[in-house]
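User: I should like to examine how the terms used for this model are justified. Please begin with what it means for a residue to be near a molecule.

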Amino acid sequence: MVRVAVNGYGTIGKRVADAVLKQNDMVLVGVTKTKPNFEARLALEKGIKVYASSVDRIKLFDEVGMKVAGTLEDLLKEADVVVDCTPSKVGATYKPLYEKYKLKAIFQGGEKHDVAGFSFNAVCNYREAIGRYFVRVVSCNTTGLCRSLYALDRGIGIRKARAVLIRRGADPAEIMKGPINSIVLDPVTIPSHHGPDVQKVLPNIDITTIAFVVPTTLMHVHILTIELQRETTEYEIIDTLSAYPRIKLVSASEGFSSTSEIIEYARDIGRVRYDIYELVVWRESIKSFGREIYLTQAVHQESIVVPENIDAIRAMIRLIEDPEESMRLTNESLGIGR
Ligand code: NAD
């Protein structure tokens with residue numbers, strides 16, 4: 001059993017912690033919290049050990065009678081691997097501490113590639129992560145792009161890919177973020193950082209991305225225009241994408257014409273927190289003009305990276321060297337592909 005610590009119990013951290021609890025080959029040794037809020041209380045009620053993120057914060061928990069098991073450093077002593085889910089750029093500041101405890105560490109997409117020196121997506125480069133000390137699981141948008149581009153490149157061959165990203169302005173709980181009434185070019189210049197980030201995982205893909213931020217919290221949407229190496233049909237694209245459990249095709253004919261309906265579906269099938277680990281592709285958005293194809297896909301930003309973190313743990317600890325087997329176990333535990 002590999003002992004996993006989660007540093008930063010926010011949007012990504014609480015989902016990764018819950019996913020670790022569902023694995024038969026991992027144990028969650030604990031999570032860190034900066035403050036004794038309802039998330040800390042709920043973690044304790046679930047039986048998760050909560051550690052204060054630093055010594056000076058223990059008193060905040062003491063003041064409200066919340067029992068912490070120690071500090072981050074106490075937690076790190078108990079673990080084989082730490083999944084860093086602290087906010088963007090904070091993860092990098094913890095690397096020296098992880099090194100001090102000779103811990104393997106997973107960073108998230110908010111950190112620069114160089115922090116880990118290796119950017120991960122399970123289906124694309126699991127084998128290259130085997131035995132590594134540091135791995136960065138790429139961001140939600142990059143994960144979504146990697147999944148569909150890998151499938152199409154492997155199955156048909158990509159000559160070049162162009163993508164417009166319509167990004168959600170904030171996660172549902174982020175009350176101070178926006179925009180509230182604007183479409184923001186993010187950035188105005190081309191490319192957005194997503195294209196170069198995809199190339200950290202898939203260096204051979206010629207990709208350019210343009211990104212906007214809009215007032216919604218549910219999901220991101222990507223519009224892809226791809227020139228393939230040969231002519232294809234819509235049927236072949238559907239077949240190609242359908243072979244991957246972490247890609248889910250939905251149909252406008254069944255009532256899926258927006259991100260809201262995808263979220264409603266996730267709620268109807270009982271997904272916890274309405275999480276959608278799969279990249280969602282609209283079947284009817286797939287259009288072939290021979291070599292040039294179009295498709296539109298949606299990314300649930302809060303959860304798409306969760307299975308990737310679980311697979312990264314298995315690869316780094318050498319629990320399983322076969323990517324398919326690790327992904328199968330992760331998918332089964334999270335209900336992916338059902
Ligand atoms: P978040 O703000 O929801 O959660 C971060 C947690 O870390 C919070 O609980 C916060 O209190 C805690 N924290 C803050 N400073 C800390 C410190 N010094 N030590 C320990 N904990 C600290 O952030 P998030 O959205 O979960 O993002 C985490 C990482 O995941 C970032 O790199 C982000 O870019 C990446 N990511 C986020 C999303 C998303 O849509 N939310 C998607 C993919 C990747």
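Analyst: A residue is near a molecule if one of its heavy atoms lies within 4 Å of it. The model discussed here is predicted. The shell around the ligand holds 22 residues, and Thr11, Ile12, Tyr94, Arg168 and Asp171 come nearest.

User: Why is the pair formed by the ligand and the side chain of Asp171 called a polar contact?

Analyst: A polar contact requires a pair of N or O atoms within 3.5 Å. A nitrogen atom of the ligand lies 2.6 Å from an N or O atom in the Asp171 side chain, so the pair meets the definition.

User: What makes the backbone of Tyr9 a contact partner of the ligand?

Analyst: A polar backbone atom of Tyr9 is 3.4 Å from an oxygen atom of the ligand; the limit is 3.5 Å, so this pair counts as a polar contact. For Gly10, the distance from a polar backbone atom to a ligand oxygen atom is 3.5 Å. The protein covers 81% of the 820 Å² of accessible area that the ligand has on its own.

User: Which elements supply at least two residues each to the shell around the ligand?

Analyst: They are helix H1 (11-21), strand E2 (26-33) and helix H5 (90-100). By class, the shell has 7 nonpolar, 12 polar and 3 charged residues.

User: What is known of the second largest pocket?

Analyst: Its space is about 350 Å³. Among its 22 lining residues, Val123, Tyr244, Pro323, Glu324 and Met327 are the closest to its centre. The lining has 11 nonpolar, 3 polar and 8 charged residues.

Definitions and conventions: Residues numbered from 1 in each chain as written. Predicted model: local features only at pLDDT ≥ 70, side-chain atom pairs only at ≥ 80, totals over all residues. Heavy atoms only, no water. Polar contact = N/O pair within 3.5 Å; in protein donor to acceptor, adjacent residues only side chain to side chain. Areas by Shrake-Rupley, 256 points an atom, 1.4 Å probe, with all protein chains shown as cover. Helix = DSSP H or I, 4+ residues; strand = E, 2+ residues; numbered from the N terminus. Nonpolar A, V, L, I, M, F, W, Y, C, P; charged D, E, K, R; others polar. 1 Å grid on protein atoms, 1.4 Å probe; cavity = no way out; pocket = protein on both sides within 12 Å on 5 of 7 lines; lining within 4 Å. Points joined across faces, edges and corners; volume = space filled by probe spheres on them.
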